[in-house]
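Dear colleague,

I am handing over the structure we spoke about, with the sequence alongside it. Please have it open while you read, since the notes below go through it part by part.

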Amino acid sequence: MTVKRDYYEILGVSKTASAKEIEEAYRRLAVQHHPDRVPAEKKDEAREKFKEISEAYAVLSDPNKKREYDTYGHAGIDSHYSQEDLFSGTNFGSIFRDMGFGGSIFEDLFDIFGTHRERSGPRRGADIEVPVKISLEEAYRGVEKDFSIYHTVTCSTCRGSGAKPGTSKKVCNKCKGTGHISSTQDTFFGRFVQSQPCPRCKGKGQIVDIPCEKCFGSGKIKEQTKISVKVPPGVDNGTTIRIKGKGEAGDEGGASGDLYVVVRIAQHPIFVRQGDDLVCKVEIPYPIAVLGGQVEVPTIEGAKLKMSIPPGTQTNKVFRLKGKGMPNLHSSRRGDMYVETIIHVPEKLNDKQKNILREYGKSLGLDI
Ligand SMILES: [Zn+2]
Ligand SMILES: [Zn+2]
């Protein structure tokens, strides 16, 4: 197995490059490495190179794929997308048409990717992103969240065909059922016969004669769907959970897109999270700070914990409680809890207490 190169490195752009910079880098490299622009003996090499830059572009030009790549690297992409899925959302067709490539080159390209030709045949539906707000306690324990989404699903009456049940589609008369319209184009690279999807039937070759009454011929309907998502322990702000097939419906029997649930964690009244660690401040009574003793500290689990304070503890001293932080999303390790002390100065003392303290002050030679 060969080690895959970094997509940013392949396109020669930085990790902070804008969508426009990414597209420009791809166009530049695509002209340079286009298989039809190199001598015969270098074609195989060029095809491989072309495939590599096109894959990098397919991922980095798609916000969802880019995010998965930025978070999980190649593993995130490889485990979620088939080769076909990887390229299906990218509009290579318009890029190459802009650049003046067409005809056989265009067909050859999609042959390289081993995928369907643009616009005809099944197409995957779009992805949906939904934020879900949870508390820090829920992020600690893990939680199951229920919510509804409003999305397109395949029409159950016509099963996505768009035709009224019992009726059939008729052959498109504009393209005579081929789904394509051919035209000749003269470009810088020579003359090409360009084949474009038929605008009337959108490349399908057939049109609906009597539309389905439920979806009005679109094959899809908008619907509310209840979603239940299991949020695992240890999630952080921005953690994304993918639910396969709950995005928008596909076309022509294409798979539905995916639903991405983005976790948002509410601010906690006591704890501040730093990675897997938790930080909190605890007030320590003055006598315990001086003489030492035990104080109760809160934990994310809920139960209070006794913590030993050594004699002579100053304010802002930080104690570490090992393994009392958040669970780690990717391992069984737990973060730590850091407790910062604040020495509490008593505001209301009775006479007896005041006298004791005055005695103490006088013993230090203080004028009180
Ligand atoms: Zn229908
Ligand atoms: Zn047609």
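How many of the seven residues of S9 are buried? Six of them are, so to speak, out of reach of the solvent probe, and S9 is mostly covered. Please keep in mind throughout that this is a predicted model, and that what follows was computed from its atoms.

The three-stranded sheet

S9 belongs to an open sheet of three strands, which has the order S1-S9-S8 and mixed pairing. Strand S1 (128-134) and strand S8 (240-243) stand at the edges, and because each has a single partner strand, one side of each is left without a neighbour in the sheet. On average, and with direction ignored, neighbouring strands of this sheet are turned by 25° against each other.

The mixed pairing can be followed strand by strand. S1 and S9 run parallel and are joined by seven bridges, and within this pair Pro131 has Val262 in S9 as its bridge partner. S8 and strand S9 (residues 259-265), by contrast, run antiparallel and are joined by four bridges. Here Thr240 stands opposite Val262 in S9, while Ile243 stands opposite Leu259 in S9. Val262 therefore appears in both pairings, with Pro131 as its bridge partner and with Thr240 opposite.The four-stranded sheet

An open sheet of four strands, again with mixed pairing, has the order S10-S11-S15-S14. Its edge strands are strand S10 (272-274) and strand S14 (318-321), each of which pairs on one side only. Neighbouring strands of this sheet are turned by 35° against each other on average, direction ignored. Strand S11 (residues 277-285) and strand S15 (residues 337-344) pair in the parallel sense over eight bridges, and in S15 the bridge partner of Pro285 is His344.

The two zinc sites

For the zinc ion (ligand 1), the coordinating atoms are Cys155 (SG), Cys158 (SG), Cys212 (SG) and Cys215 (SG), at 2.2 to 2.3 Å. The angles among its four donor atoms are 104 to 116°, and the site is tetrahedral. Along the sequence, the donor residues of this zinc ion follow the spacing C-x2-C-x53-C-x2-C. Distant parts of the chain are linked in this way, for Cys155 lies in the loop between S2 and S3 and Cys215 in the loop between S6 and strand S7 (220-231), 60 residues apart. Cys155 has a relative accessibility of 1% and counts as buried, as does Cys215 with a relative accessibility of 5%; the cut-off for buried is under 20%.

The zinc ion (ligand 2) has as its protein donors Cys172 (SG), Cys175 (SG), Cys198 (SG) and Cys201 (SG), which lie 2.3 Å from it. This site is tetrahedral too, with angles of 101 to 116° among the four donor atoms, and the spacing of the donors along the chain is C-x2-C-x22-C-x2-C. Cys172 lies in the loop between strand S3 (170-171) and strand S4 (180-187), and Cys198 in the loop between strand S5 (190-197) and strand S6 (206-207), so this pair ties together parts that are 26 residues apart in sequence. Both Cys172 and Cys198 are buried.

Thr167 is found in the loop between strand S2 (143-154) and S3. With a relative accessibility of 27%, Thr167 counts as partly exposed, and its C-alpha atom is separated by 6.8 Å from that of Ile210, although the two residues are 43 residues apart along the chain.

Helix H2

Helix H2 (residues 19-33) has 15 residues, which at 1.5 Å a residue should span 21 Å, and its end C-alpha atoms are 21 Å apart, which agrees. The buried residues in H2 are Ile22, Ala25, Tyr26, Leu29, Ala30 and His33. Seen down the axis of H2, these buried residues fall within an arc of 135°, so they line one face of the helix. An α-helix has 3.6 residues a turn, so residues three or four places apart point the same way. On the face of H2 turned away from its buried side are the exposed residues Lys20 and Arg28.

With best regards

How values were computed. Residues are numbered from 1 along each chain as its sequence is written. Chains are lettered from A and ligands numbered from 1 in the order in which they are written. This is a predicted model: local features need pLDDT of at least 70, side-chain atom pairs count only at pLDDT 80 or more; totals for chains, interfaces and linings use all residues. Side-chain values use heavy atoms; hydrogens and water are left out. Helices (H or I, at least four residues) and strands (E, at least two) are DSSP runs, numbered from the N terminus. The expected span of a helix is 1.5 Å times one less than its number of residues. Buried means under 20% relative accessible area, exposed over 50%, partly exposed in between (1.4 Å probe, protein chains only). The arc is that of the directions from the helix axis to the C-beta atoms. Two strands pair if DSSP finds at least two bridges between them. Axes are lines fitted to C-alpha atoms, for helices over the stretch in contact, and angles run from 0 to 180 degrees between N-to-C directions. Donors are N, O and S atoms within 2.8 Å of the metal (3.2 Å for Na, K and Ca); water is not among the atoms, so sites may look incomplete. Four donors count as tetrahedral if all angles lie between 85 and 135 degrees; four count as square planar and six as octahedral if opposite donors are over 155 degrees apart and all others between 65 and 115; anything else is irregular.
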